[in-house]
Amino acid sequence: MGDLLDWIISFLFLVTLLIIVIYQLTCLADLEADHINPYDSSTKINRVILPEFGLQGLLCVYYVLTGHWFMAILSLPHLFYNIRLYMKKEHLADVTEMHNTNKGEQKKRLYKIAHIALCTFITSYWLIHSALGDI
């Protein structure tokens with residue numbers, strides 16, 4: 001039962017991360033389609049950047065504490081990328097460069113979505129495997 005609860009919590013972490021990154025991608029798409037101005041777009045994106053980074057860090061620590069080493073190692077590249085962005089002070093969206101960097105920012109978010117989706121699929125497998133094993 002404990003392992004099942006671990007996977008459920010992990011799944012909730014990943015779904016929350018997925019929602020945050022999709023929200024950022026939506027803000028960038030709205031900017032590209034000229035539905036929103038650069039100031040509002042960067043404000044909305046910057047509001048959720050640090051919670052995303054913190055949640056990713058918590059997820060990696062959670063995997064280590066629960067002994068899911070494969071998932072911890074799989075999550076490390078995303079965490080190290082976020083740490084690198086934060087250390088270089090490139091994590092916030094710049095309102096003056098939003099139109100120039102929009103395509104690159106969208107690609108970054110798509111890569112993050114792909115990585116989180118992979119982790120979500122693996123977690124879903126282990127969640128179902130644990131649920132069926134507890135029957």
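Here are three short exercises on helix packing and salt bridges, each with a worked solution.

Before you start: this is a predicted model, where local features need pLDDT of at least 70, side-chain atom pairs count only at pLDDT 80 or more, and totals for chains, interfaces and linings use all residues. Residues are numbered from 1 along each chain as its sequence is written, and side-chain values use heavy atoms, with hydrogens and water left out.

**Exercise 1. Work out how α1 and α2 are oriented, and what sort of residues make up their contact.**

- Step 1: get the elements. Helices are DSSP runs (H or I, at least four residues), numbered from the N terminus; α1 covers residues 2–32 and α2 residues 38–66.
- Step 2: look at the axes, which are lines fitted to C-alpha atoms over the stretch in contact, with angles from 0 to 180 degrees between N-to-C directions. The two axes come within 9 Å and cross at roughly 160°.
- Step 3: classify. That angle makes α1 roughly antiparallel to α2 (the label applies over 145 degrees).
- Step 4: sort the contact by class. You'll find 21 nonpolar, six polar and three charged residues, where Asp, Glu, Lys and Arg count as charged, Ala, Val, Leu, Ile, Met, Phe, Trp, Tyr, Cys and Pro as nonpolar, and the others, Gly among them, as polar.

**Exercise 2. Take the salt bridges of lysine 103 with glutamate 32 and of glutamate 52 with lysine 112, and say what each links and how accessible the partners are.**

- Step 1: set the criterion, a side-chain nitrogen of Lys or Arg within 4 Å of a carboxyl oxygen of Asp or Glu. The structure holds four such bridges.
- Step 2: take lysine 103 and glutamate 32, at 2.5 Å, N to O. Lysine 103 sits in α4 (residues 98–133) and glutamate 32 in α1, so this pair ties together parts 71 residues apart in sequence.
- Step 3: take glutamate 52 and lysine 112, at 2.9 Å, N to O. Here α2 is linked to α4, across 60 residues.
- Step 4: check relative accessible area (buried under 20%, exposed over 50%, partly exposed in between; 1.4 Å probe, protein chains only). Lysine 103 is exposed at 53% and glutamate 32 partly exposed at 43%. Glutamate 52 is buried at 0%, and lysine 112 is buried at 7%.

**Exercise 3. Place the bridge between glutamate 105 and arginine 109 in its surroundings.**

- Step 1: the N to O distance is 2.3 Å.
- Step 2: both residues lie in α4, four residues apart, so about one helical turn separates them.
- Step 3: arginine 109 is buried, at 5% relative accessibility.
- Step 4: bridges with shared partners join Glu105, Lys108 and Arg109 into one network.

Conventions: Helix = DSSP H or I, 4+ residues; strand = E, 2+ residues; numbered from the N terminus. Parallel < 35°, antiparallel > 145°, perpendicular 65-115°, else oblique.
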